[in-house]
Every structure is written in structure tokens, then in C-alpha cells.
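Subject: Structure for your review

Dear colleague,

Please find below the structure that I am handing over to you, together with its sequence. My findings follow directly after it.

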Amino acid sequence: MMKFLRNYIDRIKPNFEQGGKFAKLHSTFDAFETFLFVPDTVTRKGSNIRDCMDLKRTMSMVVIALLPALLFGMYNVGLQHFRALGDAASAASIMGCFWFGFLKVLPIIIVSYVVGLGIEFISAQIRGHEVNEGFLVSGMLIPMIMPVDIPLWMVAVATAFAVIIGKEVFGGTGMNIFNPALIARAFVFFSYTPYISGEKVWVAGLSEMTNVADGFSGATPLGDAAVALTEGAQTINWTNGATPMDWLIGTYPGCIGETSTIAILLGAVILLWSGVASWRIMFSVFAGGFGMALLFNAIGMNVYMNIPAYYHLLIGGFAFGAVFMATDPVTSAQTNTGKCIYGLLVGALAVLIRVVNPAYPEGMMLSILFMNAMAPLIDHYVVEANIRRRQRRAISK
């Protein structure tokens with residue numbers, strides 16, 4: 001089959017090259033060809049070596065790593081919907097919950113890819129460049145960090161903003177300063193706040209339900225903590241009887257792909273095994289968040305500061321951000337020492353924003369975006385420190 005496909009592509013390829021009748025669509029044809037087959041590009045000058053793991057193959061590996069969190073997220077969408085209805089029989093059906101969630105999440109994924117890839121293809125055609133592969137991952141990340149009930153037109157607008165303003169204006173994949181998926185989330189958060197905050201947006205159809213089950217709430221754990229802090233409560237009322245085990249498994253309301261710590265860590269294993277993501281950044285983010293939480297435990301000025309430090313690693317988008325967002329090789333630090341510093345600050349700032357400013361209960365988004373801007377500065381001072389250290393060593397000799 002693959003040999004037949006290869007022969008067919010080779011037969012029609014001249015039509016898309018210079019002088020062919022479809023030469024203007026060369027970028028589009030090249031994108032599909034290099035996605036199906038590793039390009040046969042060879043180095044003409046210099047002593048460079050190319051291997052089979054080009055950018056498309058790397059991005060495909062990240063998409064594979066995202067699948068456990070995505071599939072569990074689809075199941076959890078259905079689970080939370082049926083729990084809200086008080087339908088115990090449907091909530092107990094794994095396939096029923098998954099199918100409901102699949103039908104709710106799939107349109108969001110389709111809109112994200114159609115809009116994002118459409119802009120990428122148009123941009124490549126106008127510039128006469130190859131199609132950037134980075135959106136293979138961003139197109140999956142954007143739906144996973146959105147609430148399930150977000151309007152599709154809002155996803156389209158946010159995706160267009162992220163691709164055009166967050167990436168293309170900087171020169172495309174590899175040139176952007178900020179993580180495009182987080183730019184999309186930030187756009188929705190600051191432009192359409194009611195659609196990405198509160199208690200009703202995290203459960204499919206909750207805002208239209210008239211027969212919500214007694215005792216059910218669509219509040220997230222971060223929302224519970226923020227409310228307790230704002231009201232000056234002595235204890236945090238974790239809604240729906242949620243426990244740390246629920247947070248570890250992921251069976252609570254939240255963004256589509258961010259709830260299951262176990263599924264996210266499975267993706268982390270895939271990324272680390274394949275060498276795609278940096279273990280230094282992942283470990284440092286968790287260490288920074290845990291360390292800041294321990295510091296707040298020692299201060300203990302309010303109920304939010306007193307929650308066990310490991311809670312912060314389980315609730316909200318902390319684990320998802322540490323594994324899939326902070327490790328973005330384009331927007332994170334590049335030096336080994338810089339990666340550790342970058343990761344520590346991402347984790348520490350995320351917990352700091354959560355605890356100090358309840359208006360932004362999900363501190364991970366703002367923390368990563370801020371550190372994206374600081375990453376080049378961190379690398380600059382790390383390199384300068386290395387230069388000074390080598391100069392001192394040379395002088396001493």
C-alpha cells in the first residue's frame with residue numbers, strides 16, 4: 001500500500017514543482033508529502049547530518065503523548081454530565097460516558113485544526129514557504145485546555161488569534177515567543193471571561209439543565225479554594241466530595257484534557273522515552289511548585305496556604321502545564337542550567353498566583369506565558385556566566 005502511494009506521489013509531483021500547472025500549490029503538496037514520508041532532503045554543504053526524526057515526526061510523537069489525557073478527558077466529559085443529571089446508570093457505563101464526551105469534544109478539535117491549519121496553509125502559499133508543522137500539536141492542545149461548553153465560534157476566533165498574532169507575526173514555527181495554545185486560552189480568558197470561569201462551563205450542558213442532581217456542583221477544586229480564600233473561610237469545602245484520589249485519576253470538573261494526572265504522567269513517560277521533552281524542565285516545574293507550596297504551608301496565613309503542598313500538583317492544569325506546555329522547545333529556555341531555572345520559576349509562580357490572587361485561580365497559564373518572555377533573558381545570563389567562568393579559568397592557568 002505504502003509503495004503504491006509513494007509511486008503515485010512521485011508520478012504527480014512534477015505538476016506541483018516549478019513550471020508545473022499546479023506550481024502555486026507546491027507548499028500544500030509538500031506538506032502532505034512530508035507528513036506521509038520522511039523527506040529525502042540531503043545536505044549539500046558543510047558537515048551536517050540529518051536523521052529521520054524531522055519536525056513532523058517530533059510533533060506526531062507529542063500528539064501520541066497527548067492521547068491518554070485526551071481520551072480520558074472525553075470519558076470524564078460524559079461522566080460529569082451524567083453525574084449532574086443524577087443518572088447513575090449512565091455514569092457507570094464507561095463506553096456511554098466516552099461516546100457522549102467524544103461527540104462533544106470532536107467538533108472543538110475539528111474547528112481548531114480547520115482554522116489553524118487553514119491559516120498556516122494560506123500563509124505558506126503567500127510566502128512561498130513550506131507549511132510549518134508546529135500546529136499539529138497546537139491544534140490538539142487548544143481544545144484540551146478549553147472548557148467543554150465553549151462555543152465553537154469562540155474556539156475559531158481564539159485559534160485564529162493564536163496563530164496569526166501569537167506565531168505568524170513572529171515568523172512562524174520556531175520564531176514565536178509565547179506558546180500559541182496558551183495565547184488562545186488567554187485570549188478567551190480575557191475577552192470572554194464568563195465562558196471560561198465559574199461553575200457551569202466545565203460540565204457539558206450544565207447551564208441549560210433544570211434538573212441538576214441534589215448536591216452536584218460544577219465547581220473545580222481551584223474554584224473551591226479561591227472561594228474559600230475570598231470569603232475568609234476556615235476550611236475549604238471540596239465540592240462533590242472530591243478527594244486527592246479523584247484528582248489523581250481525574251474524575252472532577254475541569255478543562256477537557258487537564259484533569260487526569262495519571263494520564264498526563266503517562267504522556268510524560270512517552271515524551272521522556274522518545275527524548276522529545278526536557279526532563280529538567282518537567283522535574284523543575286514540579287519541584288518549584290511543591291517548594292513554593294511548602295513555603296506557604298510554613299507561613300500559614302490563610303486556608304489556601306494551609307492545604308497540603310502536593311494538592312497543588314494534582315488540581316487544575318499544573319501537571320498538564322508542566323508536561324506539555326512548559327516543555328515547549330521553542331518558547332522555553334535552551335541551556336541546561338536555564339531549563340532548571342525556568343522550570344523552577346514556572347512552578348513557583350503558578351502556586352504564587354493561585355494563592356495570592358484568587359481572581360486568577362489557574363495560575364499555570366499566566367506563569368508559563370510570563371516565563372516564556374523571560375526565557376531568553378535567563379539563557380543570556382546563563383551564557384554570560386559560563387563565559388566569565390571560562391575566562392577566570394583561563395586567567396588562572
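In this message, a residue is called buried when its relative accessible area is under 20%, exposed when that area is over 50%, and partly exposed in between. At 14% relative accessibility, Glu-362 falls under the 20% limit and therefore counts as buried. Please keep in mind that this is a predicted model.

**Overall picture**

The protein contains 16 helices and zero strands. Of its 397 residues, 50% are buried. The protein exposes about 19,200 Å², and carbon and sulfur atoms supply 66% of that area. When contacts between residues at least 6 apart in sequence are considered, 71% of them join residues at least 24 apart.

**Salt bridges**

Side chains of opposite charge can pair when their charged atoms come close. A search of the whole structure finds three salt bridges.

One of them joins the side chains of Asp-149 and Lys-104, with a distance of 3.9 Å from N to O. Asp-149 sits in the loop between helix 6 (135-144) and helix 7 (152-164), while Lys-104 belongs to helix 5 (residues 94-127), so this pair ties together parts that are 45 residues apart in sequence. Asp-149 is partly exposed, because its relative accessible area is 22%. Lys-104 is also partly exposed, with a value of 31%.

Another salt bridge brings together the side chains of Lys-167 and Glu-120, at 2.5 Å from N to O. This pair, too, links distant parts of the chain: Lys-167 is in the loop between helix 7 and helix 8 (180-191), Glu-120 is in helix 5, and 47 residues separate them. Both Lys-167 and Glu-120 are buried.

The side chains of Glu-362 and Arg-354 also meet in a salt bridge, at 3.4 Å from N to O. Glu-362 is the buried residue with 14% relative accessibility mentioned at the start. Its partner Arg-354 is buried as well, with a relative accessible area of 0%.

**Surface patches**

A positive patch on the surface is formed by Arg-388, Arg-389, Arg-390, Arg-392 and Arg-393. Arg-388 is found in helix 16 (residues 363-396). With a relative accessible area of 40%, Arg-388 is partly exposed.

A nonpolar surface patch is made up of Phe-161, Ile-164, Ile-165, Val-169, Phe-170, Met-175 and Ile-177, which together have about 580 Å² of accessible area. Ile-165 is located in the loop between helix 7 and helix 8. Its relative accessible area of 41% makes Ile-165 partly exposed.

**Helix 14 and Phe-286**

How many of the eight residues of helix 14 (residues 318-325) are buried? Eight of the eight are, so helix 14 is largely enclosed by the rest of the structure. The buried residues are Phe-318, Ala-319, Phe-320, Gly-321, Ala-322, Val-323, Phe-324 and Met-325.

Phe-286, in helix 12 (residues 279-299), is in contact with residues of this helix. Leaving aside residues up to four places away in sequence, Phe-286 touches Leu-265, Leu-313, Phe-318, Ala-319 and Ala-322. Phe-286 and Tyr-310 are 24 residues apart in sequence, and their C-alpha atoms are 9.5 Å apart in space.

**Two further buried residues**

His-81 lies in helix 3 (residues 55-85). With 12% relative accessibility, His-81 counts as buried. Not counting residues up to four places away in sequence, His-81 touches Phe-100, Val-203, Ala-204 and Met-209.

Thr-220 lies in the loop between helix 8 and helix 9 (221-231). Thr-220 is buried, and its relative accessible area is 15%. Which residues are in contact with Thr-220, leaving aside its neighbours within four places in sequence? They are Trp-202, Pro-253 and Gly-254. Thr-220 and Trp-202 are 18 residues apart along the chain, and 7.9 Å separates their C-alpha atoms.

Yours sincerely,
A colleague

Definitions and conventions:
Residues numbered from 1 in each chain as written. Predicted model: local features only at pLDDT ≥ 70, side-chain atom pairs only at ≥ 80, totals over all residues. Heavy atoms only, no water. Patch = residues over 30% accessible without salt bridge, like charges linked within 9 Å, V, L, I, M, F, W, Y side chains within 5 Å. Areas by Shrake-Rupley, 256 points an atom, 1.4 Å probe, with all protein chains shown as cover. Salt bridge = Lys/Arg side-chain N within 4 Å of Asp/Glu carboxyl O. Lys, Arg positive; Asp, Glu negative; His and termini not counted. Charge placed at Lys NZ, Arg CZ, Asp CG, Glu CD. Helix = DSSP H or I, 4+ residues; strand = E, 2+ residues; numbered from the N terminus. Buried < 20%, exposed > 50% of the residue type's maximum accessible area, 1.4 Å probe, protein only. Contact = heavy atoms within 4.5 Å.
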